[in-house]
Amino acid sequence: MTKTIFEEMGGAYVRQGDYFIPDLKLPEKETKFIGIWGQRHKRYLKKHKRATYTTLLTSGKLNNYLADIDKQAEKMFSRMVEQMAKKEGVTEQLKADNQLKWVQKMNCIRNSAMEIVNTDLIYTELTTAAGKSISPRRYPLLFVCPKSKIHLRYRFK
């Protein structure tokens with residue numbers, strides 16, 4: 001009996017009842033830790049970009065892709081928090097003098113940075129088949145921290 005192309009390439013069949021089914025297995029790969037940013041992006045891909053999610057999953061690249069997104073988002077978030085805190089004058093001296101005000105400002109800064117990372121990296125814009133950009137949200141983002149100088153406006157393309 002002649003070998004099939006699948007058998008010539010090293011594949012094998014498993015007999016189940018009257019049928020021969022290809023014995024397919026994914027290669028063993030190390031799994032990387034995926035943090036909250038990667039999990040959010042995974043949820044976004046599953047819900048809004050199913051083809052991309054399925055392609056990454058079946059090619060075995062999903063875990064590495066999500067770990068990379070998570071690392072980028074974490075770096076972007078921490079860099080933005082540092083820069084915004086420096087710009088707002090949130091220092092250790094303020095923390096020592098007035099803890100409630102420091103907590104208020106830091107929470108405001110963290111929320112602003114989190115919203116920007118979510119918008120720019122995690123929940124990216126969708127494109128139609130014609131190449132037209134549409135935003136995942138209906139309205140532009142306007143984030144205002146109470147009793148602070150931070151007023152961020154973010155508009156989609």
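Here is a walk through this structure, from its hairpin to its helices and aromatic pairs. The model is predicted, so local features need pLDDT of at least 70 and side-chain atom pairs count only at pLDDT 80 or more, while totals for chains, interfaces and linings use all residues. Residues are numbered from 1 along each chain as its sequence is written, and side-chain values use heavy atoms, with hydrogens and water left out.

Let's start with the strands. Helices (H or I, at least four residues) and strands (E, at least two) are DSSP runs, numbered from the N terminus. Strand β1 (residues 13-16) runs antiparallel to strand β2 (residues 19-22), with 4 bridges between them; two strands count as paired if DSSP finds at least two bridges. Across the hairpin, Y13 faces P22 of β2. There are 2 residues between the strands, and G17 has a positive phi near 70 degrees.

Next up is helix α4, residues 62-88. Its expected span is 1.5 Å times one less than its number of residues, so its 27 residues should cover 39 Å, and the end C-alpha atoms, 38 Å apart, agree with that. Right after α4 comes G89, again with a positive phi, this one near 80 degrees. Within α4 sits N63, which counts as buried at 19% relative accessibility. Here buried means under 20% relative accessible area, exposed over 50%, and partly exposed in between (1.4 Å probe, protein chains only). Leaving aside residues up to four places away in sequence, N63 touches E30, T31, K32 and I34, where contact means heavy atoms within 4.5 Å.

Now for the rings. Searching the whole structure turns up 2 aromatic pairs. Rings of Phe, Tyr and Trp (its six-membered ring) pair if their centres lie within 6.5 Å; planes under 30 degrees apart are stacked, over 60 edge-to-face, and the rest tilted. W37 and F77 make a tilted pair, 5.7 Å centre to centre with 50 degrees between the planes. W37 belongs to helix α2 (residues 36-48) and F77 to α4, so this pair ties together parts 40 residues apart in sequence. Both W37 and F77 are buried.

Y44 and Y123 form an edge-to-face pair, at 5.8 Å centre to centre and 70 degrees between the planes. Y44 is in α2 and Y123 in the loop between α6 (99-122) and β3 (126-127), 79 residues apart. Y44 is buried, at 4% relative accessible area, whereas Y123 is partly exposed, at 25%.

Finally, W37 has a charge for company too: the charged end of R40 sits over its ring, 5.2 Å from the centre. That label requires NZ of Lys or CZ of Arg within 6 Å of the ring centre and within 35 degrees of the ring normal. K95 lies over the face of W102, 4.7 Å from the ring centre.
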